[in-house]
Amino acid sequence: MKFIDLFAGLGGFHIGLKSINAECVFASELNKELRNLYEKNFGIECQGDITKIDEKDIPFHDVLCAGFPCQSFSKAGKQKGLNDLGRGDLIYEIIRILDYHQPQYFILENVPNFKTHDNGKTWEITCNLLKDCNYFIQDFILSPHHFGIPHKRERVFIIGKHRKSSTIPLDFSSEIQQGNINKLKINDFLEPNKKTDKRLSDKQLKHLGTWKKFISDLPKDQPLPKFPIWAMEFGATYPLDSKCPYCMSEQELAKYKGAFGQSLKGLSKKEQLKKLPNYATRKQKKFPKWKINYIQKNRNFWEANKTFIEPLIPEIKTHINSWQKLEWNAGDVDRNIFKYLLQFRSSGIRVKNYESVSSLVLTGTQTPVIAWQKRYLNLKEAQKLQGFENISIRLNSETQSFRALGNAVNTKVVSEIIKKIFIQEVPIHINKKRDVRIPVFSHSIHH
């Protein structure tokens with residue numbers, strides 16, 4: 001069986017297809033460093049910009065694989081979608097190649113938001129184009145944690161079968177339902193501590209210590225908040241359901257208190273805004289309902305627990321803005337912050353249970369933190385979680401390697417999709433464009 005690997009990156013699809021001894025006959029990747037690494041790892045020349053490659057020059061293949069760029073559809077981006085030239089519109093390159101070659105299968109991967117982007121219009125356009133190319137299509141939201149890997153990284157996989165192939169639908173419901181059974185633990189993927197591991201700074205440890213005391217000092221019969229803790233709201237009284245602070249006069253704001261209960265009386269408008277939480281100073285007429293909900297919950301939490309919280313306020317106020325927020329997503333079994341996985345995010349310090357790592361945002365400070373070892377997840381560990389432990393991912397810098405790994409398709413998920421597709425016999429069909437008979441595939445899956 002032959003496949004092509006578009007937007008190849010580190011070769012996640014390549015590794016997954018190799019699990020059934022498929023042969024890669026064409027690969028394309030825009031980044032030169034990644035192309036060179038792909039050739040080194042897999043022994044096949046990797047072509048460049050797919051928009052400059054004639055579909056007639058691409059060899060015959062049975063499966064087209066493509067983890068096309070997601071920045072245009074991600075919630076974290078500007079969401080320009082299909083109108084984002086050079087990124088969001090690259091789905092049309094896939095359509096162009098599919099329409100000409102009519103391979104028996106395709107597997108596409110992107111962020112889950114691809115399905116809901118632009119109120120579903122992007123998804124509708126894409127599905128119609130794929131169907132017009134003579135394919136039945138199915139889509140699944142799949143993640144490594146569904147298959148026993150302690151790494152939660154949900155992605156939408158769009159799987160196409162040519163209309164002359166079997167139309168029996170795939171079903172991953174049992175795998176997803178059993179995703180928590182016999183799963184691996186994060187400790188199974190950790191390496192022995194090394195001097196080269198990036199450690200938490202003294203400043204980070206100090207602030208984490210403050211939050212540890214914050215959590216442990218709360219009464220044991222007081223449930224931990226399931227909403228994000230925004231400490232700046234402790235003592236704040238500025239209005240929520242009328243005009244936003246930016247639209248209020250100095251005289252109006254003077255009646256209220258800002259972050260941590262700081263008085264806004266007798267200050268200029270510029271000074272007043274500095275004493276408000278930064279998210280409350282944006283140029284908007286009204287707060288969105290979700291933000292009002294979070295703010296009100298934090299103010300209520302403060303009123304109910306100020307006796308326990310107040311002694312820690314002076315220390316919390318010294319934190320940078322994002323570290324004044326805490327997202328506790330670790331349940332309520334053990335209230336020791338140093339027993340969990342952490343991330344220092346712009347939305348706050350996120351605390352997760354130790355059973356799974358969140359999506360590998362492997363740039364800047366968002367790299368997952370192994371709190372009980374007071375260090376960041378290292379490259380080799382991330383490599384194993386993504387399924388690239390048997391190839392080199394070394395680029396010019398560790399930052400580039402982390403970024404490429406974070407963008408890569410998870411090889412374990414690809415392997416499971418491939419097993420599901422080829423666990424049954426696939427009937428023959430004729431590729432009319434090439435007048436080539438596509439062979440029957442029958443694979444016995446050995447676990």
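User: Before we start, what does buried mean here?

Analyst: Buried means under 20% relative accessible area. Keep in mind that this is a predicted model. Both Glu 191 and Lys 384 are buried, so each falls under that 20% cut-off.

User: What makes Glu 191 and Lys 384 a salt bridge?

Analyst: Their side chains meet with N and O 2.7 Å apart. The cut-off is within 4 Å, so the pair qualifies. Glu 191 sits in the loop between helix 5 (173-177) and helix 6 (202-217), while Lys 384 belongs to helix 11 (residues 379-386), so the bridge ties together parts 193 residues apart in sequence.

User: Why is the contact of Glu 233 and Arg 299 called a salt bridge?

Analyst: The N to O distance is 3.0 Å, and the definition asks for within 4 Å, so the name fits. Glu 233 lies in the loop between strand 7 (229-230) and helix 7 (250-253), and Arg 299 lies in helix 9 (residues 289-309), so parts 66 residues apart in sequence are tied together.

User: How do you know whether Glu 233 is buried or exposed?

Analyst: Its relative accessibility is 0%. That is under 20%, so Glu 233 is buried. Arg 299, at 10%, is buried too.

User: And why is Lys 412 called partly exposed?

Analyst: Lys 412 has 29% relative accessibility, and partly exposed lies between the 20% and 50% limits, so the label fits. Lys 412 forms a salt bridge with Glu 416, with the closest N and O atoms 3.1 Å apart. Glu 416 has 13% relative accessibility and counts as buried.

User: How many salt bridges does the whole structure have?

Analyst: The search finds 20.

Conventions: Residues numbered from 1 in each chain as written. Predicted model: local features only at pLDDT ≥ 70, side-chain atom pairs only at ≥ 80, totals over all residues. Heavy atoms only, no water. Helix = DSSP H or I, 4+ residues; strand = E, 2+ residues; numbered from the N terminus. Buried < 20%, exposed > 50% of the residue type's maximum accessible area, 1.4 Å probe, protein only.
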